[in-house]
Amino acid sequence: MILLKHTQPNMIIADEGKHIRSIDDVYVPEHTDEEGNPIKIFSDKTCKDVIELMRQVIQDEKIGTGNGYNIEGFDMAAKTGTGEVSVGGSYGNDISTSNIMAAAPANDPKILVYYGFQSPATYVFDKTHYKIF
């Protein structure tokens with residue numbers, strides 16, 4: 001369920017700001033008009049701005065934190081993330097998580113892929129994880 005909630009905002013951005021269905025496939029009344037049509041909850045400008053920032057994450061070699069996932073010839077956008085893992089009820093420096101959510105094509109997303117993994121916090125992230133793309 002957490003993964004689905006994590007992907008939902010990206011699905012809304014990809015769908016031009018419309019929240020069509022909640023993650024449990026039930027229409028959300030407050031996000032539909034009287035006829036049940038989806039209404040925008042993000043403006044076109046907001047969606048375009050967010051997609052442009054997400055393009056930089058994967059396409060900009062200088063500042064992009066996910067540029068190793070870029071596939072030449074594809075217009076992609078992405079969001080990366082990291083987190084700590086609770087061990088024995090507390091957070092330490094032993095284990096961390098990393099993830100990326102990528103969408104393609106960026107200008108009209110049809111595919112949304114989420115990839116996450118857990119590793120020792122001392123692990124140095126390198127391009128070996130990019131091989132799945």
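**Close-up views of a predicted model**

Of the 133 residues of the chain, 31% count as buried. The legends below describe a predicted model.

**Figure 1. Overall arrangement of the chain, with two helices and three strands.** Along the sequence, these elements follow the order α-α-β-β-β. The surface exposed by the chain amounts to about 8,800 Å², and 55% of it is supplied by carbon and sulfur atoms. When contacts are taken between residues at least 6 apart in sequence, 37% of them join residues at least 24 apart.

**Figure 2. Ile13 of helix α1 and its surroundings.** Helix α1 covers residues 2-14, and Ile13 is found within this helix. Ile13 has a relative accessibility of 9% and therefore counts as buried. Apart from its neighbours within four places in sequence, Ile13 is in contact with Phe42, Cys47, Val50 and Ile51. Two of these partners, Cys47 and Ile51, are listed among the buried residues of α2. Phe42 lies 29 residues from Ile13 along the chain, and the C-alpha atoms of the two residues are separated by 7.4 Å.

**Figure 3. Helix α2, residues 44-59, with its buried and exposed residues.** The helix contains 16 residues, which at 1.5 Å a residue should span 22 Å. The C-alpha atoms at its ends are 22 Å apart, in agreement with that expectation. Buried positions in α2 are Cys47, Ile51, Met54, Arg55, Val57 and Ile58. Viewed down the helix axis, the buried residues of α2 fall within an arc of 155 degrees, so they line one face of the helix. Lys45, Lys48 and Leu53 are exposed on the other side of α2.

**Figure 4. The salt bridge between Lys40 and Asp44.** The side chains of these two residues meet with an N to O distance of 2.7 Å. Lys40 is partly exposed, at 40% relative accessibility. Asp44 is likewise partly exposed, its relative accessible area being 43%. The count of salt bridges comes to five, and the pair of Lys40 and Asp44 is one of the salt bridges found. Side chains of opposite charge can pair when their charged atoms come close.

**Figure 5. The salt bridge between Asp49 and Lys45 within helix α2.** The closest N and O atoms of Asp49 and Lys45 are 2.7 Å apart. Both residues belong to helix α2, where they are separated by four residues, about one turn of the helix. Asp49 is partly exposed, with a relative accessibility of 37%. Lys45 has a relative accessible area of 56% and is exposed; the threshold for this class is over 50%.

**Figure 6. Arg55 of helix α2 and its salt-bridge network.** The side chains of Glu52 and Arg55 form a salt bridge, with 3.4 Å from N to O. Within helix α2, Glu52 and Arg55 are three residues apart, about one turn of the helix. Glu52 is partly exposed, with a relative accessible area of 38%. Arg55, in contrast, has a relative accessibility of 18% and counts as buried, since the limit for this class is under 20%. Salt bridges with shared partners link Glu52, Arg55 and Asp75 into one network. When residues up to four places away in sequence are not counted, Arg55 touches Asp60, Asp75, Met76, Ala77, Ala106 and Asn107. One of these residues, Ala77, falls in strand β1, which covers residues 77-87.

**Figure 7. The hairpin of strands β1 and β2.** Strand β1, residues 77-87, pairs with strand β2, residues 90-104, in the antiparallel sense. Ten bridges are found along this pairing. Opposite Ser86 stands Tyr91, a residue of β2. Two residues lie between the strands of the hairpin, where Gly88 takes a positive phi near 65 degrees. In a regular strand the side chains alternate between the two faces of the sheet.

How values were computed:
Residues numbered from 1 in each chain as written. Predicted model: local features only at pLDDT ≥ 70, side-chain atom pairs only at ≥ 80, totals over all residues. Heavy atoms only, no water. Buried < 20%, exposed > 50% of the residue type's maximum accessible area, 1.4 Å probe, protein only. Contact = heavy atoms within 4.5 Å. Areas by Shrake-Rupley, 256 points an atom, 1.4 Å probe, with all protein chains shown as cover. Expected span 1.5 Å × (residues − 1). Arc of directions from axis to C-beta. Pairing = 2+ DSSP bridges. Salt bridge = Lys/Arg side-chain N within 4 Å of Asp/Glu carboxyl O.
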